[in-house]
Amino acid sequence: MFKRLFLLEWRSFFRSADLGRSLSVRIILGLLGLYFLGSAVTFGVSLHFLIIELFPNQEPIHFVGKFLLYWVFLSFLMRMMMQKLPIQNVKPLLILNIPRSNIVNYTLLKSSNSFWNWMLLAVVVPYLIITARVTDLTNFQLFSWCIAVVGFEFVVNYLNLYIQQNFKNGLLKTLPIMAFLVVIFCLDHYSIFSVSGLFGQFFDLVLTFPLLCLVPVVLAILSYFLLYFNVKENMFLDAYLQTERTVVKNYDLSWTNRFGELAPFLQLDMKLIWRSKRARAVIFGCLVFLFYGLFFYPQREGNPTALVFVGVFITGIFVINFGQFVPAWDSTYYAMLMTQNMPIKLYLESKAMLMYISIAIMTVLSTGYFYFGWVVVWVNIACAVYNLGVNVPVILYFGSMNKKRIDLDNGNIFNYQGTGAAQWLVGIPLLIAPIIIWAIAYYAGGINIANITLIVIGLIGVALRNEILNRIAKKYQENKYKILIGFKEVNN
């Protein structure tokens with residue numbers, strides 16, 4: 001039966017009307033996955049020697065066991081944001097003569113083929129091979145230790161999916177986990193109580209009593225059946241609707257009236273951001289990437305172009321994350337919008353205004369990087385003006401090529417549903433062009449000339465805003481029916 005279900009899914013993929021885009025996305029993600037797996041293998045091979053070099057007084061395998069608790073919690077958080085039970089794919093099977101238990105088992109076993117599980121194995125297996133060669137531990141001891149580690153990872157895999165199916169989606173469900181992780185770290189850091197050390201002692205006991213590796217295996221089996229019975233009980237077309245029913249709040253958006261004719265569109269976008277899981281994930285991603293500069297600014301010497309890259313990225317992150325899916329955010333009712341007595345330019349102006357507001361907000365928030373010097377804030381301001389005048393029109397132009405509708409209820413980060421060629425190509429002019437312009441001006445006249453160059457180009461774009469939007473609106477009008485046909489295709 002599992003073979004039959006696999007073949008059905010295989011055929012549905014290759015018979016999809018959007019096979020080309022699906023293959024390209026999978027190839028790109030596959031290459032990224034291979035890169036990270038290769039990095040994990042390299043880390044696993046060198047982990048034993050790194051611990052000996054950095055912590056010569058520590059036994060490597062006991063040292064690793066102490067920090068496995070942090071891996072468990074971080075894995076849980078990453079899975080919460082990126083992993084989702086593929087329950088939608090099995091709904092067409094409910095009307096077929098297939099036992100419900102087979103469908104549920106197939107779905108859960110497919111979720112076990114998670115990238116995070118492979119990442120763990122890519123680190124653990126090479127590490128244990130090296131450990132077996134340089135220590136006196138037997139292969140049976142190391143194998144039992146590996147089973148215990150993998151067992152806890154599968155506990156995380158199934159409990160994460162259970163929580164996602166039974167608790168309200170959103171950032172709030174991850175806050176207790178993040179808070180607990182911070183508490184554990186503080187207890188360890190200030191030597192109050194070593195929770196991670198207690199967790200590590202269990203793995204030390206596994207090396208002494210290998211049969212204890214069955215404890216996490218039993219926990220993984222129990223978590224599997226917990227999820228199994230929950231999914232089986234709710235495997236209906238209208239499942240989880242009652243638990244997700246909420247009272248829609250009325251927000252005071254009267255302040256948008258000052259924008260005149262743009263106000264109705266701005267209010268529509270504001271409500272979409274507050275009520276849609278996908279749009280809320282974009283806002284969450286913007287807040288996360290606001291800290292992107294912390295990885296670059298401390299080591300910016302010798303690589304000045306990193307300043308403009310981070311500046312464009314931070315001040316324009318909403319433009320990139322939200323703007324690339326214009327007009328797909330409105331794909332469910334875009335046909336209705338096109339029947340209204342309104343110029344398409346007015347629709348585009350409202351999207352541009354929303355992105356202008358986001359650039360202003362992100363620029364103000366990024367002033368905290370003044371800690372790394374005035375030059376950082378100065379570059380960010382220049383990049384913000386460039387985003388206003390150039391990148392906003394650029395991303396709206398590429399939106400005229402967007403014919404993929406998106407699922408507003410899928411709030412997972414790194415969700416590529418609805419991504420087409422336009423989304424992959426738009427990154428070139430958005431990020432590469434300002435870096436090239438800034439670098440040429442920087443090496444010709446210094447950082448002030450480079451920043452002024454970006455500001456002047458941005459101001460020119462702002463001055464020509466009306467003419468540019470007219471040309472973009474004409475492009476949307478030319479592709480109007482292609483966009484409408486694309487938005488009608490649900491499986492894209």
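Helices are taken here as DSSP runs of at least four residues in state H or I, numbered from the N terminus. In this predicted model, the chain contains 23 helices and zero strands. The chain comprises 492 residues, of which 47% count as buried. Of the contacts between residues at least 6 apart in sequence, 80% join residues at least 24 apart. The exposed area of the chain is about 26,000 Å², with carbon and sulfur atoms supplying 68% of it.

The search for enclosed space, carried out over the whole structure, finds three cavities of 30 Å³ or more. A volume of about 50 Å³ is obtained for the largest cavity. Helices α4 (68-82), α7 (139-166) and α9 each supply at least two residues of its lining. The lining consists of Leu-68, Trp-71, Val-72, Leu-120, Val-149, Phe-152, Glu-153, Phe-199 and Phe-203. Helix α9 spans residues 195-208 and also holds Asp-204. Asp-204 counts as partly exposed because its relative accessibility is 23%, the range for this class running from 20% to 50%. The C-alpha atom of Asp-204 is separated by 9.4 Å from that of Lys-66, although the two residues are 138 residues apart along the chain.

Nonpolar side chains in soluble globular proteins tend to be buried together. In the present model, the largest nonpolar core has 73 residues, and Phe-322, Trp-329, Tyr-334 and Leu-396 touch the most other members. Helix α18 (residues 374-399) contributes the largest share of this core, with 14 residues. A further core of 31 residues lies apart from the largest one and includes Tyr-70, Phe-152, Phe-202 and Val-206. Phe-152, one of the members of this further core, is also among the residues lining the largest cavity.

The surroundings of Phe-322 were examined with neighbours within four places in sequence left aside. On this basis, Phe-322 is in contact with Asp-269, Leu-272, Ile-273, Val-282, Trp-329 and Leu-354. Trp-329, one of these partners, is itself named with Phe-322 among the core residues that touch the most other members.

Ser-358 is placed in helix α17, which covers residues 344-365. Ser-358 counts as buried because its relative accessibility is 9%, and the class requires a value under 20%. The side chain of Ser-358 reaches the backbone oxygen of Met-355 at 2.7 Å. When residues up to four places away in sequence are not counted, Ser-358 touches Phe-318 and Val-319.

Terms used
Residues numbered from 1 in each chain as written. Predicted model: local features only at pLDDT ≥ 70, side-chain atom pairs only at ≥ 80, totals over all residues. Heavy atoms only, no water. Buried < 20%, exposed > 50% of the residue type's maximum accessible area, 1.4 Å probe, protein only. Contact = heavy atoms within 4.5 Å. Areas by Shrake-Rupley, 256 points an atom, 1.4 Å probe, with all protein chains shown as cover. Polar contact = N/O pair within 3.5 Å; in protein donor to acceptor, adjacent residues only side chain to side chain. Core = buried A, V, L, I, M, F, W, Y, C linked by side-chain atoms within 4.5 Å. 1 Å grid on protein atoms, 1.4 Å probe; cavity = no way out; pocket = protein on both sides within 12 Å on 5 of 7 lines; lining within 4 Å. Points joined across faces, edges and corners; volume = space filled by probe spheres on them.
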